[in-house]
Amino acid sequence: MFGDLSHLVLQQYWWIIVSLLGALLVFLMFVQGGQTLIYTIGKTPMQRTMLVNTLGRKWEFTFTTLVTFGGAFFASFPLFYSTSFGGAYWVWMAILFAFVLQAIAYEFRSRPNNAFGSRTYETFLLINGLLGTILIGTAVATFFTGSAFSVNDMNQSQWELKSHGLEAALNLHNLSLGLAVFFLARVLGLLYFMNSVNDQDIFVRARKHLVYNGVPFLVFFLTFVIWLMLRDGFAVNPQTQEVFMEPFKYWHNLVSMPLVFILFVLGVVGVLLGLVGSIVRQDCTKGIWASGIGTVLTVFSLFLLAGFNNTSFYPSTFDLQSSLTIKNSSSSHFTLTTMSYASLMVPFVFGYIWYVWKAMNNKPIDEDEMKSDDVHVY
Amino acid sequence: MFENIDWALVNWSRAQFALTAMFHWLFVPLTLGLSFIIAFMETIYVKTGDPEWKRITKFWMKLFGINFAIGVATGIILEFEFGTNWSNYSWFVGDIFGAPLAIEGIMAFFMESTFIAVMFFGWGKVSKRFHLTATWLTAVGANLSALWILVANAWMQNPVGMKFNPETARNEMHNFWDVLLSPSAVSKFLHTTTSGYVLAAVFVVGISSWFMLKKRHILFAKRSIVIAAIFGFVSSIMLIASGDGSARDVAKTQPMKFAAMESLYEGQTQAPLIAIGLFGKEHDDPMHRGSDQEFLMKIEIPNMLSYLAFLEVDAFVPGIKDLVLGNEQHNIMSYKEKILRGYEAQQTLRAFKDAKGVDELEYQRLKAKFDDEVWVENYFRYFGYGNYYDPNPEQLELNAFKIVPPISLSFYAFHIMVVLGGHFMLLFMVVLWLTYRKKLESNKVVLYTALWTIPLAYIASQSGWIVAEVGRQPWVIQDLMPTMTAVSKIDTSSVMITFWLFTITFVALAVAEVRIMVKQIKNGPKEGGHN
């Protein structure tokens, strides 16, 4: 089945899968966003325990999606993996440390004799929420703004700046996406609290903070998108594979791919619907779904803008012809075919995740559950 | 040749990877085995409805959770480091190596992380049978995850199912089933996972013995011991069988590692196996090592090494010197010759790249070489050796000895692993026998032995890692890529900083983990509750 497809179709198929994983990752960062709000929304120890526990039952999904996103990128576009990870060393290391701290923080937080005290582990969660979102957003923004690297004829890459990725965080356009992701994660975190915790105080406080986080999210998101539509982009000549700068490239991509345009608009509407609906309606608990689906569609379409329509998805500002495209950085036809068969498991995976999510979130968390002797509590 | 290599960068990168891999491997074996032990316990609970079994299940599940968290935390580092610290490697073999990592994420990691949530938080929220299913799926997910990682690792030790593409300058997968089902992958998976089962069984038997010594929770301890000791004993048999297969595979595919494991300098027929040995002083000159390196003491089993490696007592087992210097009688090519052939393969690739777009005829001629199976088998196969080339013949001879792994470390690690493996099996047998005779509770010697075997299980597990990873040095991909060409081009100081950051983080995490574990164990099993 997949073996009969052309290499280009398989490359596009895998770019779609990677984009979908990236989009799901940003949605699942509601866990990170929520982690930065534990003390803002939880005013008593019990409220904080409920918040930590409702996030703690989902953190592994975010973590697993990040690992799978990385693994899928490695398998399908290994030249990106070797170039970006081996070059932007400090950005990836900072992201890595942020996630290492998160992985133990939930389990260790409430354990007696945990060496450093609960506050330390809650600080780990805060660091993860802050750095994880901003840095991943910043790293993804380099798909549009470029990085200073070169690739030789043996496909060995070299970073050309001593700062090894830290420079990405000083680029205002990159930073605008980093901060947009940060505030979006907080908005999603608040919506998730409203959906999954049965506590009126938490609900009211979360709803109030939607405004404080929704406004900066919109400001940074619009800054990023408008800037993106107006800037020169990294285009690829389909005949010669030569990379060149094209004015308004990403705007051109958007209008050249109507389906992506529709997905993008639907996504933005979805995010706004969940956000505004939850602010306006006093009893709305379902905003997470509208904003969540909207987030997935928006981020998915942004990834497609970066990789499709003869565009370099990982451009080099040092040497344009070293820029990576889905054609020149991918795995072989055989490997992509093999991986494509493995990807048939994805709907099945979504199916059981959905089933388990429903089973576990059927009843929102409340104080009684936290005091129950039969429940594992973080 | 070596003047272009930043050895400090290579060594710090190796140190960082070794640190993170070994720290990760402290926690993973317990996860692999304990997940099944818990699943057995919960199955009995669901079958019998006896609340004591639920109490037992939840106690071990609590320890599983603490251990699992730190295993997850350290696992992600390895995935990142393939890119951050070994970027040339990531490109050179990413076409093959990345696939198992991605499949692991899709197939195993999601299963594990989805159902572990049900396992911990689903009590009372889902039916007993659904909960039990989730517990089993968590165990299956954890072990499937190990499968894909070990397939990837086995491929590095025995690269099969691929072909080099000179256009992209990388190895590309040509047969997925060869990668998945190579004898190296099968034996590595079986041996490594069963070693995890044995470690987990030792852990449960040891902790339960402590409760018996303290005369606390006796019923809990007895039941835990029975489940763990049976599981451990069966796993020990599988461990020995798979270890035997693994050793034979190493003898065939990595003869230098095999020789290092036994410190066999001079090859021989009817080679004896050193059961126990202690080194004397090593000679400074590599050309004279072995011949005058005396063991301070050693106990040998006659003919056993030949039999172990080739199932024939008269079989010739090549020694380190045979492999480095060559042995015509036994048709073993010298490392010097391999270096020359590898160098020619590298030069051919360079010429091919230079001819592209300049000399079409030459370009096609050189391209054809990489499609010629005879040339690939005789030259490209030794591609990595080419990095040890030196125009000075004397230096080239010396460089050949640099393709030898640390001998004493490989030897000791292998023997510690084997001796302790035997000890674990014996322990399970004794514990089961005494339990059957209802005399375990009163036998303090055995109970203390079981308790103090816990650290030994970790030592054996780490030794196994050392045998596998140190024994294959300097290869990151056997015969094709040495560590020195696999590293990312970054500043040594950057790697030094992250190395120490990881060290500080790991020490802090280990302190927290051990303190929490000890406290939870001292608290003992309770109905429900999390403290």
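Colleague: In this predicted model, which residues of helix α11 (residues 249-256) of chain A are called buried, and what makes them so?

Modeller: The buried residues of α11 in chain A are A:K249, A:Y250, A:N253 and A:L254. The term requires 20 or more other C-beta atoms within 10 Å of a residue's own, and these four residues are the ones listed as buried in that helix.

Colleague: Why are they said to lie on the same side of α11(A)?

Modeller: The directions from the helix axis to their C-beta atoms are what is compared, and because these cover an arc of only 140° around the axis, the buried residues are placed on the same side of α11(A).

Colleague: What covers the buried residues of α11(A)?

Modeller: The cover includes the helices α8 (118-145), α10 (200-230), α12 (258-280) and α13 (287-307) of chain A, together with the strands β3 (233-236) and β4 (243-246) of chain A.

Colleague: Turning to the two chains, how many residues of chain A and of chain B are in contact?

Modeller: With contact taken as C-beta atoms within 7 Å, 61 residues of chain A are in contact with 66 residues of chain B. On the side of chain A that touches chain B, at least two residues each come from α5 (59-76), α6 (78-87), α7 (89-109), β2 (157-159), α14 (333-343) and α15 (346-361) of chain A, and α5(A) gives the most, with 11 residues. By class, that side of chain A has 36 nonpolar, 18 polar and 7 charged residues.

Colleague: Why does the radius of gyration of chain B agree with that of a compact globule?

Modeller: For 531 residues a compact globule would have a radius of gyration near 24 Å, and chain B has 25 Å, so the two agree. The C-alpha trace of chain B spans about 80 × 55 × 40 Å along its principal axes, and buried residues make up 52% of its 531 residues.

Colleague: Which domains does the assignment give for chain B, and how many residues does each bring to their contact?

Modeller: The assignment gives domain 1 (2-254 + 405-523) and domain 2 (266-404) of chain B, with C-alpha centres 31 Å apart. Domain 1 of chain B brings 18 residues to the contact and domain 2 of chain B brings 19. On the side of domain 1 that touches domain 2 in chain B, the largest share, 3 residues, comes from α7(B), and the residues of that side divide into 13 nonpolar, 3 polar and 2 charged.

Methods:
Residues are numbered from 1 along each chain as its sequence is written. Chains are lettered from A and ligands numbered from 1 in the order in which they are written. This is a predicted model: local features need pLDDT of at least 70, side-chain atom pairs count only at pLDDT 80 or more; totals for chains, interfaces and linings use all residues. Ala, Val, Leu, Ile, Met, Phe, Trp, Tyr, Cys and Pro count as nonpolar, Asp, Glu, Lys and Arg as charged, and the others, Gly among them, as polar. The radius of gyration is taken over C-alpha atoms; the globule rule is 2.2 Å times the number of residues to the power 0.38. A residue is buried if 20 or more other C-beta atoms lie within 10 Å of its own, exposed if 12 or fewer, and partly exposed in between; C-beta atoms are placed from the backbone. Domain bounds come from an automatic or database domain assignment.
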